Amino acid sequence: MVAVARKGQAPLSQIAKDFGISESCLHRWLKLADIDDGVRPGVTASEAAELRELRKRNKTLEQENEILRRAAACFAREISPK
(Lines give C-alpha, C1' and ligand atoms only; values in the text may rest on other atoms or scores of the structure.)
Protein backbone atom coordinates (compact mmCIF):
# COMPACT_ATOMS: atom_id res chain seq x y z
CA MET A 1 0.00 0.00 0.00
CA VAL A 2 2.87 2.34 0.81
CA ALA A 3 4.45 1.70 -2.59
CA VAL A 4 1.13 2.36 -4.33
CA ALA A 5 0.63 5.57 -2.35
CA ARG A 6 4.15 6.75 -3.09
CA LYS A 7 3.58 6.40 -6.83
CA GLY A 8 1.12 9.27 -6.53
CA GLN A 9 -1.17 7.97 -9.26
CA ALA A 10 -4.27 8.33 -7.09
CA PRO A 11 -5.30 10.41 -4.10
CA LEU A 12 -4.50 8.90 -0.71
CA SER A 13 -8.19 8.85 0.19
CA GLN A 14 -8.93 6.66 -2.84
CA ILE A 15 -6.00 4.31 -2.13
CA ALA A 16 -7.11 3.92 1.48
CA LYS A 17 -10.68 3.23 0.37
CA ASP A 18 -9.52 0.68 -2.21
CA PHE A 19 -7.54 -1.24 0.43
CA GLY A 20 -10.27 -0.93 3.06
CA ILE A 21 -8.31 1.14 5.59
CA SER A 22 -8.72 4.64 6.93
CA GLU A 23 -6.84 7.52 5.37
CA SER A 24 -5.20 8.31 8.72
CA CYS A 25 -3.90 4.74 8.89
CA LEU A 26 -2.34 5.12 5.45
CA HIS A 27 -0.79 8.44 6.48
CA ARG A 28 0.71 6.75 9.55
CA TRP A 29 2.13 3.91 7.48
CA LEU A 30 3.69 6.39 5.06
CA LYS A 31 5.24 8.28 7.98
CA LEU A 32 6.65 5.06 9.47
CA ALA A 33 7.99 3.99 6.07
CA ASP A 34 9.72 7.37 5.70
CA ILE A 35 11.34 6.92 9.12
CA ASP A 36 12.47 3.37 8.27
CA ASP A 37 13.88 4.62 4.95
CA GLY A 38 15.79 7.43 6.66
CA VAL A 39 13.83 10.18 4.92
CA ARG A 40 12.34 11.45 8.16
CA PRO A 41 13.97 11.55 11.61
CA GLY A 42 12.70 9.14 14.22
CA VAL A 43 13.09 5.69 15.69
CA THR A 44 12.92 2.92 13.11
CA ALA A 45 10.83 -0.20 13.63
CA SER A 46 13.93 -2.33 14.25
CA GLU A 47 15.31 0.19 16.75
CA ALA A 48 11.96 0.30 18.55
CA ALA A 49 11.89 -3.51 18.75
CA GLU A 50 15.46 -3.57 20.07
CA LEU A 51 14.60 -0.91 22.66
CA ARG A 52 11.57 -2.92 23.83
CA GLU A 53 13.74 -6.04 24.21
CA LEU A 54 16.44 -4.13 26.08
CA ARG A 55 13.89 -2.60 28.47
CA LYS A 56 12.41 -6.05 29.10
CA ARG A 57 15.89 -7.49 29.76
CA ASN A 58 16.75 -4.59 32.06
CA LYS A 59 13.57 -5.14 34.08
CA THR A 60 14.39 -8.85 34.44
CA LEU A 61 17.94 -8.07 35.57
CA GLU A 62 16.68 -5.53 38.11
CA GLN A 63 14.27 -8.13 39.53
CA GLU A 64 17.04 -10.74 39.72
CA ASN A 65 19.31 -8.22 41.45
CA GLU A 66 16.64 -7.48 44.04
CA ILE A 67 16.18 -11.20 44.74
CA LEU A 68 19.93 -11.66 45.19
CA ARG A 69 20.15 -8.58 47.43
CA ARG A 70 17.38 -9.93 49.69
CA ALA A 71 18.94 -13.41 49.77
CA ALA A 72 22.34 -11.96 50.71
CA ALA A 73 20.77 -9.94 53.53
CA CYS A 74 18.94 -13.03 54.79
CA PHE A 75 22.11 -15.14 54.77
CA ALA A 76 24.06 -12.37 56.45
CA ARG A 77 21.57 -12.31 59.32
CA GLU A 78 21.81 -16.09 59.72
CA ILE A 79 25.60 -16.23 59.98
CA SER A 80 26.19 -13.05 61.97
CA PRO A 81 27.12 -13.58 65.65
CA LYS A 82 24.46 -12.59 68.15
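This is a chat between a student and a tutor about a predicted model.

Student: Let's start with charges. How many salt bridges are found in the whole structure?

Tutor: A search of the whole structure finds four. Remember that the model is predicted.

Student: Which residue does Arg6 pair with at 2.9 Å?

Tutor: That partner is Asp34. The 2.9 Å is the gap between the closest N and O atoms.

Student: Where do those two sit?

Tutor: Arg6 is in helix α1, residues 2–7. Asp34 is in helix α3, residues 23–36. They are 28 residues apart, so the bridge links distant parts of the chain.

Student: What does Asp37 do?

Tutor: The side chain of Asp37 also meets Arg6 in a salt bridge, at 2.8 Å from N to O. Asp37 lies in the loop between α3 and α4, while Arg6 is in helix α1, so this pair ties together parts that are 31 residues apart in sequence.

Student: Which residues make up the network, then?

Tutor: Arg6, Asp34 and Asp37 are linked in a network of salt bridges.

Student: Is Arg6 buried or exposed, or in between?

Tutor: In between. Arg6 has a relative accessible area of 41%, so it is partly exposed.

Student: What about Arg69? Which residue does it bridge to?

Tutor: Arg69 forms a salt bridge with Glu66. Their closest N and O atoms are 2.5 Å apart.

Student: Why are they about one helical turn apart?

Tutor: Because Arg69 and Glu66 are three residues apart in helix α4. Glu66 is partly exposed, with a relative accessible area of 31%.

Student: New topic. How many residues does α3 have, and what is its reach?

Tutor: Helix α3 has 14 residues. From first C-alpha to last, α3 reaches 20 Å. That is close to the 20 Å expected at 1.5 Å a residue.

Student: Which residues of α3 are buried?

Tutor: They are Leu26, Leu30, Ala33, Asp34 and Ile35. You met Asp34 earlier, as a salt-bridge partner of Arg6.

Student: What do the buried residues pack against?

Tutor: They pack against α1 and α2, the second of these being residues 12–19.

Student: How do you describe two packed helices?

Tutor: You give the angle between their axes and the distance between the axes.

Student: OK, what are those values for α2 and α3?

Tutor: The angle is about 105°, and the axes are 8 Å apart. Angles of 65 to 115 degrees count as roughly perpendicular. So α2 and α3 are roughly perpendicular to each other.

Student: Which residues meet there?

Tutor: From α2, you have Leu12, Ser13, Ile15 and Ala16. From α3, they meet Glu23, Leu26, His27 and Leu30. By class, this contact has five nonpolar, two polar and one charged residues.

Student: What comes just after α3?

Tutor: Look at Gly38. Just after α3, Gly38 takes a positive phi of about 85°.

Student: And where are Val39 and Arg40?

Tutor: Val39 lies in the loop between α3 and α4. Arg40 has its place in that loop too.

Student: Which of them is exposed, and which partly exposed?

Tutor: Val39 is exposed, with a relative accessible area of 63%. Arg40 counts as partly exposed, at 38% relative accessibility.

Student: What does Arg40 touch?

Tutor: Leave out residues up to four places away in sequence. Then Arg40 touches Lys31, Asp34 and Ile35.

Student: How far is Val39 from Cys74?

Tutor: They are 35 residues apart in sequence. In space they are 55 Å apart, C-alpha to C-alpha.

Student: Last one. Where is Ala3, and is it buried or exposed?

Tutor: Ala3 is in helix α1. At 54% relative accessibility, Ala3 counts as exposed. Ala3 and Leu26 are 23 residues apart in sequence and 11 Å apart in space, C-alpha to C-alpha.

Methods. Residues numbered from 1 in each chain as written. Predicted model: local features only at pLDDT ≥ 70, side-chain atom pairs only at ≥ 80, totals over all residues. Heavy atoms only, no water. Helix = DSSP H or I, 4+ residues; strand = E, 2+ residues; numbered from the N terminus. Buried < 20%, exposed > 50% of the residue type's maximum accessible area, 1.4 Å probe, protein only. Expected span 1.5 Å × (residues − 1). Contact = heavy atoms within 4.5 Å. Axes fitted to C-alpha atoms, helices over the stretch in contact; angles between N-to-C directions. Parallel < 35°, antiparallel > 145°, perpendicular 65-115°, else oblique. Nonpolar A, V, L, I, M, F, W, Y, C, P; charged D, E, K, R; others polar.
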